[in-house]
Every structure is written in C-alpha cells, then in structure tokens.
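User: I'm new to this structure and would love a close look at one part, the surroundings of the ligand. Could you walk me through that spot and then show me how it fits into the rest of the chain?

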Amino acid sequence: MRKAGVVLVIVFLMAAGCRESSDVHRRTQYLMGTVVTITVAGLAEEDASRAMSAAFEEIRRLEGVLTFFSEESDLGRINAAAGAREVLVSAETIEVLAEALRISDRSGGAFDATIGPLVSLWGFEVKDRFVPPKEEIERARTLVNWRNMSVDPNLRTVRLERKGMKVDLGGIAKGYAADRAAETLRKHGVSSAMVAVAGDIRAVGEKAPGVAWHVGIQHPREPGAVLGSLRIADRSVSTSGDYERYFIKDGIRYHHILNPATGRPAAASRSATVLAPTTILSDALSTAAFVLGPEKGIGLVQSFPGVEAVIVDREGRVHVTPGLAGKVEGLAS
Ligand code: AMP
Ligand code: MG
C-alpha cells in the first residue's frame, strides 16, 4: 500500500539440517509498496514459475483495487465520496472492509479502518517529518471512527458518513493479498508454498512431508536479528512493529501504528506477532494487538479460535499466549 524499507520478518528458507533442494523456487517482486516473496516447493521449475506469475498478478490486481494512492481505486472513490454518497465497489473490497469492521469492533476500536486522516497528517512517507500540532491531531482524530462507515454486502456499497473521513487498509490489505495469492497458487496445483508480503506471511502446506515452514520473528531493536522463530504449516503469521516507518525527534520514536484514542503513535509495544488460520486475520490482529499492548492484546487474540501471539512490550519484555509457550524457538527467556 505504501513504501516500506525493511522486510519485517525474516523467512528461513532452509529446513533444519538439510540443504535447500532443487525443487524449491523463489521469486521476489516489489508490490503494494513493499517486498513480496513467493517460494514454491515440490514442483518442476516451469510449473512453479507459472503459478508464481499468476500469484504475483493477483497481488498486482488487488493493489489496483485497494490502494489509498489512486483516485480511481475502490478506496480512492470511497474516500473522495466521504460525507456525500455511497460508492459501489468490488466484492474484494467488501470482503476486506467487512473484516476490517469486525476487527475494529472486536478490538474496541484499537484497530480502526478509518485511521486515514491521522495517517495522512503524520505523513510517515514524507521526508523532514515533524510532530503535527496538537490541534491538528485533535481535528484528525475526530474524523477517525469506524462506526461512521457503513458497508452493505448485498448492494456492494460503502459509505463514509463525514466529509474528510478516509479509509486506510495499510493494516489489513497485505494480509488479504497473501491469502488471495496462496489461493491462486493452490489453483495452479501448488500444495507447498510460502507467500510473504513484507511481514504478512502465509504458509501453504508444509515445506516437505513432515517438515514445517520456518519463520523468524524480527527482533524489534536489532536490525537483521531474530527474536525467535516459529514452525508453521497451513497457517499465517504477521508482525507489526515500531521499527518500520518511524522517525526519532527529541529522543522519542514516532512510528506508523497509531492509537486512534490519542491520535499518536501507539506506545504500549515494540512489536506484535500473531499466528492465525488466515493472513487477513493475522494482519489485522497484529496491528490491533500492537496498539492494545501485552495484556489486552493477548486477551484479544485468545478470544479468536486458533490464534496465538508474541508481543514485545515497551520495555522489551516478551509475552506469549499460553498455546505458544515453549514453541517459539530460540527465544531468550
Ligand atoms: P501493520 O504493519 O499491519 O501493523 O499496519 C500498519 C499500517 O496500518 C500503518 O502504516 C497505517 O497505514 C495503518 N494503521 C496505523 N494505525 C492503525 C490502526 N490503529 N488501525 C488500523 N490501521 C492502522
Ligand atoms: Mg497488520
């Protein structure tokens, strides 16, 4: 959706103890403002290549529909019509927005799909960034409220009630794209793959029979180092962190994950990693859990079946859901 400098999660592409075999194929493209890597195992090169091309094409198509940076995209049209009228959109946009609203509700508004006015105000994409004046933060904050967005799945329409409101799907669209790319791979006969849209990762099947995919969690304060790693098969993992898209002013770190309640960067966590059955869910919940911090964040993810989390709090302490206890490899206790 927007430019990202660093890939959040390091993907271990070597199965423990054995060399990567010749039937593992990998390709990277720059899409949705970030680095997308697809790995396919267990297929001949030609078949793997065809499947990967189709999956990248699907992500490119979704980017065109969901981008914040075009007036013609569904999102651009929804935002331009804020306070005026409802807009007819694609089924994909309805699917993402409905899930965004569900997580906005379940997280008590910690995740808020209408965060756009605050994201634009803070402008983490712009050079020479500065802390916006209090009054402007307050003004933008009053426009952020997911309850003022209506989504009608039957009519396929979306409406923002107030002029100036803006939907921003930066916290959920990459996960959705990873799910759709995984589906595309499966349709092309792939049963073993990994799709990584920056820090939003979907594992299709296992890497090899009896060998899970191995995913590293980026250490939030040591670039290039891992905090620990997870083994996953047919699951998704997403990480949200304060070490991506940030600036430091007077010793304070200002980063891109905003607390809708204060209008400022959320201060309770350094990173939040969520494992879930789908990437749209792991993506939205990692953003929500980051904002909520360790206690409430762990509580939120535990209210979803099959969802686990690793949260690094503001002091650097690591919190894991009971279901993950002892399962994060290499985690310093
Ligand atoms: P992620 O890396 O998935 O946590 O997504 C972060 C991105 O989501 C930001 O760059 C914004 O585009 C958007 N965002 C920031 N704060 C929030 C929030 N509280 N709720 C939903 N989206 C947010
Ligand atoms: Mg997210």
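Analyst: Here is a walk around the ligand, followed by the domains and some strands.

A quick word on ground rules: this is a predicted model, where local features need pLDDT of at least 70 and side-chain atom pairs count only at pLDDT 80 or more, while totals for chains, interfaces and linings use all residues. Residues are numbered from 1 along each chain as its sequence is written, chains are lettered from A and ligands numbered from 1 in the order in which they are written, and side-chain values use heavy atoms, with hydrogens and water left out.

Let's start with ligand 1. There are 18 residues around it, and Ser240, Arg245, His256, Leu258 and Thr287 come nearest (being near takes a heavy atom within 4 Å). By type, that shell has 8 nonpolar, 5 polar and 5 charged residues. Here Ala, Val, Leu, Ile, Met, Phe, Trp, Tyr, Cys and Pro count as nonpolar, Asp, Glu, Lys and Arg as charged, and the others, Gly among them, as polar. Helix H7, residues 279–292, supplies the largest share of the shell, 3 residues.

Now for the polar contacts, meaning pairs of N or O atoms within 3.5 Å. A polar side-chain atom of Arg245 sits 2.8 Å from an oxygen atom of ligand 1. His256 has a side-chain N or O atom 2.8 Å from an oxygen of the ligand, and Gly171 brings a polar backbone atom to 3.0 Å from a ligand oxygen. On its own, ligand 1 has 500 Å² of accessible area, and the protein covers 98% of that (areas come from the Shrake-Rupley method with a 1.4 Å probe).

Zooming out, the domain assignment, automatic or from a database, gives domain 1 (24–65 + 171–324) and domain 2 (69–96 + 103–160). Each of them lends at least three residues to the shell around ligand 1. Their C-alpha centres lie 22 Å apart, and the contact between them takes 32 residues from domain 1 and 27 residues from domain 2, counting heavy atoms within 4.5 Å.

Back to some strands, which are DSSP runs of at least two residues, numbered from the N terminus; two of them pair if DSSP finds at least two bridges between them. Strand E12 (246–249) and strand E13 (252–255) pair in the antiparallel sense over 4 bridges, with Phe247 bridged to Tyr254 in E13. Together they make a hairpin with 2 residues in between, and Asp250 in the turn has a positive phi of about 50°.

Notes:
Polar contact = N/O pair within 3.5 Å; in protein donor to acceptor, adjacent residues only side chain to side chain.
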